[in-house]
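Q: Please take a close look at one part of this model, an aromatic ring and its surroundings. Which features of the wider structure can then be set beside that part?

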Amino acid sequence: MTQWMMMGNDAQRNEAQNCLTALKEHLQAWTVVATILEKTSNESTKFFGLQILEEAIKFRWKVLPEADRGGVKTYIVGLCIEQATAPNRSKAFLNKANLILVQVLKQEWPHNWPQFIPEIVASSKSGGPELCENNMHILRLLSEEIFDFS
């Protein structure tokens, strides 16, 4: 579908846009994001998967069961760590994953995730310089969101 969006004719682009929009609007679409990210090497498709997750966090986070929220939180933290330490990482993909983690933090921290700051400090100490640098980037994004929001 994302191939059609970029290289198809007008009819193919319209059909692809309609399909992708319908998928993004489906209430359970966020549940297939991990599969999308694992199965594709297409950068546009990966970003589309992250957009699905981001919208679910922004607009449906409070109605998700607690276990699902915990799973998403664990998944996005793992994705950020994996991407930050990957030798051939995409900075744009990592930045989008970081932004999604900040969306989770806006929903969960400090009340439902009080250990976030100690956890990110501990991972900065035990991880390599790439992870520490990325953690600083996450903290900067979080502080920007807090000051912009307030």
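**A ring and its surroundings**

A: F93 is buried, its relative accessible area being 4% (buried means under 20%, exposed over 50%, and partly exposed in between, with a 1.4 Å probe and protein chains only). The model is predicted: local features need pLDDT of at least 70 and side-chain atom pairs count only at pLDDT 80 or more, whereas totals for chains, interfaces and linings use all residues. Residues are numbered from 1 along each chain as its sequence is written, and side-chain values use heavy atoms, leaving out hydrogens and water.

The ring of F93 forms part of one of two aromatic pairs found by a search of the whole structure. Rings of Phe, Tyr and Trp (its six-membered ring) pair if their centres lie within 6.5 Å; planes under 30 degrees apart are stacked, over 60 edge-to-face and the rest tilted. The partner is F47: the ring centres are 6.1 Å apart and the planes stand at 85°, so the arrangement is edge-to-face. This pair joins distant parts of the chain, with F47 in helix α4, F93 in helix α6 and their positions 46 residues apart. Helices here are DSSP runs of H or I with at least four residues, strands are runs of E with at least two, and numbering starts at the N terminus. F47 is partly exposed, at 23% relative accessible area. K46 lies over the face of F93, 5.8 Å from the ring centre; the rule asks for NZ of Lys or CZ of Arg within 6 Å of the ring centre and within 35 degrees of the ring normal.

The other aromatic pair is W113 with F116, whose ring centres are 5.2 Å apart and whose planes are at 70°, so this pair is edge-to-face as well. Both W113 and F116 are buried. K73 is placed over the face of W113, at 4.6 Å from the ring centre.

W113 and K73 are also among the contacts of E108, together with W61 and R69, once neighbours within four places in sequence are set aside (contact means heavy atoms within 4.5 Å). E108 lies in helix α6. E108 is buried without a salt bridge, and the nearest side chain of opposite charge, R69, is 4.0 Å away. Lys and Arg count as positive and Asp and Glu as negative, while His and the chain ends are not counted. A salt bridge requires a side-chain nitrogen of Lys or Arg within 4 Å of a carboxyl oxygen of Asp or Glu.

By that rule there are five salt bridges. One of them joins K106 to E145, with the closest N and O atoms 2.8 Å apart. K106 in helix α6 and E145 in helix α8 are 39 residues apart.

Helix α6 also figures in the largest nonpolar core, to which it gives the largest share, seven residues. That core has 31 residues, and L53 and I76 have the most contacts inside it. Such a core is a set of buried Ala, Val, Leu, Ile, Met, Phe, Trp, Tyr and Cys residues joined through side-chain atoms within 4.5 Å. Apart from neighbours within four places in sequence, L53 is in contact with W30, V33, V72, Y75, I76 and I100.

Beyond α6, the loop to α7 holds P110. The peptide bond from W109 to P110 is cis, with omega near 5°.
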